[in-house]
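Here is a friendly walk through one protein chain, in questions and answers. Keep the viewer open as you read.

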Amino acid sequence: MALLLTGKVTTEFGIRSPAHKFFNVFVKQLHDLQNIAERVHEAKVHQGDWHGIGSVKNWTVTVDGKVETCKESIEVIDEQNMSVTYILFDGEIGQNYKIMKWTLQVIDKEHVGGIVKWTFDYEKLNEEIAPPYRYLDYITSLTEDVDAHLLKGK
């Protein structure tokens with residue numbers, strides 16, 4: 001029996017910064033991530049603009065201590081539910097996954113901060129490829145860096 005090639009990985013974090021400001025970094029200030037997050041080395045527009053649906057950006061990041069590149073495009077922005085879905089492709093991701101989508105949802109907590117939920121939906125190219133757990137440390141670091149940056153700016 002063949003193993004499934006598709007799957008989903010989800011993780012959640014509490015943040016202390018205002019939920020709407022955290023969400024805005026990933027929807028309206030993507031260009032700032034390279035100046036905020038330690039593991040984001042370079043980001044540039046490949047096609048379109050920084051924040052348009054379907055625009056393509058090139059990213060150079062560190063995952064598991066190794067510098068990797070990929071391209072990313074915003075698929076959906078839901079401002080009301082503070083949710084955004086990115087499609088990641090090419091580079092190391094494209095060598096292992098047919099489909100890789102990262103969805104960020106930020107949930108406002110009434111008195112302070114919020115909950116950040118990241119979901120990776122993926123389809124591996126073959127059964128030998130591991131699920132994308134190695135990106136969890138990267139996304140944890142990214143979330144912590146953005147939260148700390150926003151707290152400094154209060």
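Helices and strands here are DSSP runs, numbered from the N terminus, with at least four residues for a helix and at least two for a strand. The model is a predicted one.

Q: In which element is Lys124 found, and is Lys124 buried or exposed?
A: Let's begin with the element: Lys124 is found in strand 7. Its relative accessibility is 8%. Buried means under 20%, so Lys124 counts as buried.

Q: How many Å apart in space are Lys124 and Leu5, C-alpha to C-alpha?
A: Lys124 touches residues from several parts of the chain, including Leu4, Leu5, Asn96, Tyr97 and Lys98. Ile129, Ala130 and Pro131 are also among the residues that Lys124 touches. Although Lys124 and Leu5 are 119 residues apart in sequence, their C-alpha atoms are separated in space by 5.1 Å.

Q: What distance does helix 4 reach from its first C-alpha to its last?
A: Helix 4 covers residues 135-152, which is 18 residues. At 1.5 Å a residue, the expected reach is 26 Å. The model comes close to that, with a reach from first C-alpha to last of 26 Å.

Q: Which residues of helix 4 are buried?
A: Please pick out helix 4, residues 135-152, in your viewer. Buried means under 20% relative accessible area. The residues of helix 4 that are buried are Tyr135, Tyr138, Ile139, Ser141, Leu142, Thr143, Asp145, Val146, Asp147 and Leu150.

Q: Is helix 1 parallel, antiparallel, perpendicular or oblique to helix 4?
A: The axes of helix 1 (residues 19-28) and helix 4 come within 10 Å and cross at roughly 120°. Angles of 65 to 115 degrees count as roughly perpendicular and those over 145 as roughly antiparallel. The crossing angle therefore makes helix 1, relative to helix 4, oblique.

Q: Which residues of helix 1 and helix 4 make the contact, and what are they by class?
A: Helix 1 passes helix 4 in a right-handed crossing. On the helix 1 side, the contact is made by Lys21, Phe22, Val25 and Phe26, and on the helix 4 side by Leu142, Thr143, Val146, Asp147 and Leu150. By class, that contact has six nonpolar, one polar and two charged residues.

Q: Which residue of helix 4 does Thr62 touch, and what separates their C-alpha atoms?
A: Thr62 has its place in strand 3, and its relative accessible area of 16% makes it buried. Leaving out residues up to four places away in sequence, Thr62 touches Arg39, His41, Val67 and Tyr138. Tyr138 is one of the buried residues of helix 4. Thr62 and Tyr138 lie 76 residues apart along the chain, and their C-alpha atoms are separated by 7.4 Å.

Q: Where is Ser55 found, and which residues does Ser55 touch?
A: Ser55 is found in the loop between strand 2 (40-47) and strand 3 (56-63). With a relative accessible area of 7%, Ser55 is buried. Not counting residues up to four places away in sequence, Ser55 touches Gln47, Gly48, Asp49, Glu72, Ser73 and Ile74.

Q: Is Ile87 buried, partly exposed or exposed, and with which residues is Ile87 in contact?
A: Ile87 sits in strand 5. The partly exposed range runs between 20% and 50%, so Ile87, at 29% relative accessibility, counts as partly exposed. Leaving aside neighbours within four places in sequence, Ile87 is in contact with Lys71, Glu72, Ser73, Glu75, Met100 and Lys101.

Q: What is phi of Asp90?
A: Most residues other than glycine have a negative phi. Asp90 is found in the loop between strand 5 (83-89) and helix 3 (91-96), and it counts as partly exposed at 37% relative accessibility. Phi of Asp90 is a positive value, near 60°.

Q: What is phi of Asp64?
A: Look next at the loop between strand 3 and strand 4 (66-78), where Asp64 lies. Asp64 is a residue other than glycine, and its phi is positive, near 55°.

Q: What separates the C-alpha atoms of Asn126 and Asp49?
A: Asn126 has its place in the loop between strand 7 (114-124) and helix 4. A relative accessible area of 32% makes Asn126 partly exposed. Asn126 and Asp49 are 77 residues apart along the chain, and the separation of their C-alpha atoms is 33 Å.

Technical notes: Residues are numbered from 1 along each chain as its sequence is written. This is a predicted model: local features need pLDDT of at least 70, side-chain atom pairs count only at pLDDT 80 or more; totals for chains, interfaces and linings use all residues. Side-chain values use heavy atoms; hydrogens and water are left out. The expected span of a helix is 1.5 Å times one less than its number of residues. Buried means under 20% relative accessible area, exposed over 50%, partly exposed in between (1.4 Å probe, protein chains only). Axes are lines fitted to C-alpha atoms, for helices over the stretch in contact, and angles run from 0 to 180 degrees between N-to-C directions. Angles under 35 degrees count as roughly parallel, over 145 as roughly antiparallel, 65 to 115 as roughly perpendicular and the rest as oblique. A crossing is left-handed if the near helix is turned anticlockwise from the far one by less than a right angle, and right-handed if clockwise. Contact means heavy atoms within 4.5 Å. Ala, Val, Leu, Ile, Met, Phe, Trp, Tyr, Cys and Pro count as nonpolar, Asp, Glu, Lys and Arg as charged, and the others, Gly among them, as polar.
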